[in-house]
Amino acid sequence: LSVPPEIPQEDGRPKWDNKFQYILSCIGFAVGLGNVWRFPYLCQIHGGGAFLIPYFIALLFEGIPLLHLELALGQCLRKGSIGAWNTISPYLGGVGTSASWMVSVLVSLYYNTILTWVMWYFINSFQEPLPWSVCPLNENRTGLNEECYRSTAVNYFWYRKTLNITPDVTESGTLQWWLILCLATCWAIVYLCTIRGIETTGKAIYVTAIFPYLVLTIFLIHGLTLPGATDGLTYLFTPKLSTLKNPRVWLDAATQIFFSLSLAFGGLIAFSSYNPPKNDCEKDAVTVAVVNSMTSLYASIPVFSVLGFKATTGYWDCLDRNIISIINEFDLPEESIMRQNYTAWVSFLNSSYPEKIAGLKLKSCDLQEFLDQSVSGTGLAFIIFTQAIILMPGSQAWAILFFIMLFSLGLSSMFGVIEGVFTPLLELQIISKSIPKELLSGKV
């Protein structure tokens with residue numbers, strides 16, 4: 001490749017106020033929802049702590065080099081994804097247009113839809129009791145809603161009250177006005193934060209990038225005090241080295257690096273294009289990559305503390321239902337059977353009265369089975385975690401904190417995605433330079 005001519009530093013482009021603002025913006029773009037709900041899930045299903053081995057290998061040989069390449073590309077050529085690749089070679093223009101720019105457009109639609117769901121849950125978090133903690137009454141108000149009763153209140157609120165999902169994918173259903181209003185509000189918030197590019201996102205990033213760490217710390221302190229937290233953490237970090245023989249583990253580790261560092265989206269090229277050419281982008285790449293990976297590990301601790309608490313609570317409920325059935329069947333004194341001596345009692349009764357015990361159809365209560373109930377993405381945020389929150393004391397406050405954190409994580413990632421759309425459009429000759437930034441941002 002031929003070396004492009006030196007691009008002057010003073011080319012009329014806006015600049016970051018300071019280096020910390022730039023690094024924070026890159027970290028905010030990279031650290032997103034995937035760090036909170038995908039990385040812990042991959043650790044859980046791929047051998048706990050053993051997953052960290054392929055993950056850090058992928059970070060070293062894939063993540064940091066590619067991140068360095070993107071930051072260097074934008075900083076050296078001082079252009080967005082389309083202009084940068086066109087400068088290297090006209091034949092590579094499709095990389096900037098079809099790959100980076102179009103991906104940024106599609107991901108912005110996807111991410112803002114998640115922000116819409118988060119905002120809807122945040123609004124409903126101010127109700128007492130939380131609307132996903134109890135089933136509503138039926139139309140005759142003579143009992144609980146049948147659909148909710150056959151499922152759970154958490155599932156009912158997600159699939160019926162939020163999405164109002166249709167029974168088949170071929171049925172598109174109708175528009176949900178509550179989600180339309182939340183979607184419009186989310187786009188309005190994104191617009192206000194990106195109205196003048198990095199001049200406004202650089203200010204907003206101080207809140208959206210730092211606040212999630214504060215909430216994670218609060219959840220960490222509270223989560224470690226919950227019963228079952230140690231079981232969740234033990235389950236998460238116990239290494240199962242045999243899983244490393246599965247190629248899928250290595251593929252998921254490499255894929256997670258792309259997700260978590262937001263590689264090839266175009267936003268990092270756009271962010272670095274506002275740097276002075278002599279900035280140390282190698283140091284920036286290492287800093288952003290290390291902070292991002294440490295954030296994934298840090299987020300896993302409170303997440304699995306809460307999930308361990310949920311599994312333990314479910315295990316205890318299972319035992320309590322079995323204990324009540326045994327006490328009623330054998331007419332035993334209350335509190336004669338406790339969780340601590342449940343196994344001994346069942347063994348004794350099973351050997352003495354096997355037919356009676358078989359007739360009770362006791363449920364199999366195994367803590368490991370409750371811990372094995374893994375789920376990622378929206379299922380973790382809107383079903384598993386919300387179900388765990390309603391079991392906590394002061395669940396309303398924890399729900400508000402949790403969804404504010406998710407909104408901040410998603411919003412800071414949206415800044416980078418929108419910048420990956422916004423910056424290349426400014427550099428295209430088809431758009432008049434007389435159009436104000438505010439108008440172009442509004443159209444985007």
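Before I come to the pockets, one definition: a pocket here is an open set of grid points with protein on both sides within 12 Å along at least five of seven lines, and its lining residues are those that have an atom within 4 Å of a point. Please keep in mind that what we are looking at is a predicted model.

Let me begin with the second largest pocket, which holds about 460 Å³ of space. Its lining consists of 17 residues, and those nearest the centre are Thr 152, Lys 310, Asp 317, Gln 387 and Leu 391. Helix H8 (153-162), H14 and H18 each contribute at least two residues to this lining, and the largest share, five residues, is that of H14. By character, the lining of this pocket is made up of seven nonpolar, six polar and four charged residues.

Now to the enclosed spaces, of which a search of the whole structure finds five with a volume of 30 Å³ or more. The second largest cavity has about 80 Å³ of space, and its lining includes Trp 37, Phe 219, Pro 302, Phe 385 and Met 405. At least two lining residues come from each of helix H2 (33-37), helix H10 (198-224), helix H14 (281-330), helix H18 (378-389) and helix H19 (395-427), with H18 giving the largest share, three residues.

What is the character of the residues lining the second largest cavity, in terms of nonpolar, polar and charged? Eleven are nonpolar, and there are no polar and no charged residues in that lining, whereas the lining of the second largest pocket has six polar and four charged residues beside its seven nonpolar ones.

Technical notes: Residues numbered from 1 in each chain as written. Predicted model: local features only at pLDDT ≥ 70, side-chain atom pairs only at ≥ 80, totals over all residues. Heavy atoms only, no water. 1 Å grid on protein atoms, 1.4 Å probe; cavity = no way out; pocket = protein on both sides within 12 Å on 5 of 7 lines; lining within 4 Å. Points joined across faces, edges and corners; volume = space filled by probe spheres on them. Helix = DSSP H or I, 4+ residues; strand = E, 2+ residues; numbered from the N terminus. Nonpolar A, V, L, I, M, F, W, Y, C, P; charged D, E, K, R; others polar.
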